[in-house]
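Please look over the sequence and the structure shown below before reading on. The paragraphs that follow go from one pair of helices to the chain as a whole, and then to some local details of the backbone.

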Amino acid sequence: HVAEDMESQYTSLYQYMTEVTNAVPAGSNGVIFAPWLHGNRCPFEDPHASGMFFGLKLDTTKAQMVRAVLEGVCYHLRWMLESQDKKLKTADPIRFVGGGARSPEVAQMLADITGRRIETVESPQNVGSVGAAAVMAVGMGVIPSLASVQSFIRVTDTYVPNMENHAQYNHYYKIFRKLYASNRKLYAAVAQEGK
């Protein structure tokens, strides 16, 4: 019955996660999550990389761990954006799509972690279908060009970085970036032992 109550109370997993973590401050009290649950391909390639929690203590709460998971994904997105920017400047603002973009709290967290303005669109979880329909509409002549598609996709919300949170996140982001290098050989050793 508890599961049914939860289901009726929350419309999405993101809504549940963000509500649980709202009281946890930026940086999750030093808990950092590495989101490499299936190896990693960007910005480093390593099939042996795996996820981990770093900074757990006796008083670490489940809410801190859940927030650390969300922050870890955002830290990794920042790392990929920074890697991309070394080759080709990414757009500013960042258009955030997918299931996570349904959560205003996650979108704000991404803005705070990256230090960049984040925009979301209506039904961000459906952008793949919308994009396919737009390409088809251009091909059929219903829409004049791919460049004009932008006028059909409306920005619904914009998130500006909270620079106080950004400063806090910068500290933990530096540690996050070192987690892989510090554990690369251990990932390989675990993978080797498993064979």
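How are α3 and α6 oriented relative to each other: roughly parallel or roughly perpendicular? The model in front of you is a predicted one, and in it the axes of helix α3, which covers residues 62-87, and helix α6, which covers residues 163-193, come within 10 Å and cross at roughly 80 degrees. An angle of 65 to 115 degrees counts as roughly perpendicular, and α3 and α6 are therefore roughly perpendicular to each other. On the α3 side the contact is made by R67, E71, G72, Y75, H76, R78, W79 and E82, while α6 contributes H166, Y169, N170, Y172, Y173, F176, R177 and Y180. Sorted by class, the residues in this contact of α3 with α6 are seven nonpolar, four polar and five charged.

With this pair in mind, we can turn to the chain as a whole. The protein chain has six helices and five strands, and, read along the sequence, these elements follow the pattern α-α-β-β-α-β-α-β-α-β-α. Taken along the principal axes, the C-alpha atoms of the protein chain fill a box of roughly 60 × 45 × 40 Å. Of the 195 residues in the protein chain, 37% are buried. Among the contacts in the protein chain with a separation of 6 or more, 76% are between residues 24 or more positions apart.

Helix α6 deserves a second look. It has 31 residues and reaches 44 Å from its first C-alpha to its last, close to the 45 Å expected at 1.5 Å a residue, and yet there is a kink of about 55 degrees in α6, centred on N183. N183 is also one of the buried residues of α6, which include H166, Y169, Y172, Y173, F176, L179, Y180 and Y187 as well. An α-helix has 3.6 residues a turn, so residues three or four places apart point the same way. The buried residues of α6 pack against β1, β2, α3 and α4.

Which residues does H166 contact, leaving aside its neighbours within four places in sequence? H166 is placed in helix α6, and at 12% relative accessibility this residue counts as buried, the cut-off for buried being under 20%. Its contacts are R78, D112, I113, T114 and G115, and among these R78 belongs to the α3 side of the helix contact described above. D112, I113 and T114 are in α4 and are themselves buried, as are V106, A107, M109, L110 and A111. Helix α4 is mostly covered, since eight of its eleven residues are buried. G115 comes just after α4 and takes a positive phi of about 75 degrees.

That last value leads on to the backbone. Most residues other than glycine have a negative phi, and most peptide bonds are trans. Where, then, does the residue N29 lie, with its positive phi of about 55 degrees although it is not a glycine? N29 is found in the loop between α2 and β1, and with a relative accessible area of 42% this residue is partly exposed. S123 is another residue other than glycine with a positive phi, in this case near 50 degrees; S123 is found in the loop between β4 and α5 and is partly exposed, with a relative accessible area of 33%.

Two peptide bonds that lead into prolines also call for attention. The bond from C42 to P43 is cis, with omega near 5 degrees, and P43 lies in the loop between β1 and β2. The bond from D92 to P93 is cis too, with omega near 10 degrees, and P93 lies in the loop between α3 and β3.

Finally, consider T156, a residue in strand β5, which covers residues 155-159. T156 is partly exposed, with a relative accessible area of 29%, and, not counting residues up to four places away in sequence, T156 touches T120, V121 and E122. From T156 to L70 the separation is 86 residues in sequence and 22 Å in space, C-alpha to C-alpha.

Technical notes. Residues are numbered from 1 along each chain as its sequence is written. This is a predicted model: local features need pLDDT of at least 70, side-chain atom pairs count only at pLDDT 80 or more; totals for chains, interfaces and linings use all residues. Side-chain values use heavy atoms; hydrogens and water are left out. Axes are lines fitted to C-alpha atoms, for helices over the stretch in contact, and angles run from 0 to 180 degrees between N-to-C directions. Helices (H or I, at least four residues) and strands (E, at least two) are DSSP runs, numbered from the N terminus. Angles under 35 degrees count as roughly parallel, over 145 as roughly antiparallel, 65 to 115 as roughly perpendicular and the rest as oblique. Contact means heavy atoms within 4.5 Å. Ala, Val, Leu, Ile, Met, Phe, Trp, Tyr, Cys and Pro count as nonpolar, Asp, Glu, Lys and Arg as charged, and the others, Gly among them, as polar. Buried means under 20% relative accessible area, exposed over 50%, partly exposed in between (1.4 Å probe, protein chains only). The expected span of a helix is 1.5 Å times one less than its number of residues. The bend at a residue is the angle between axes fitted to the seven residues ending there and the seven starting there.
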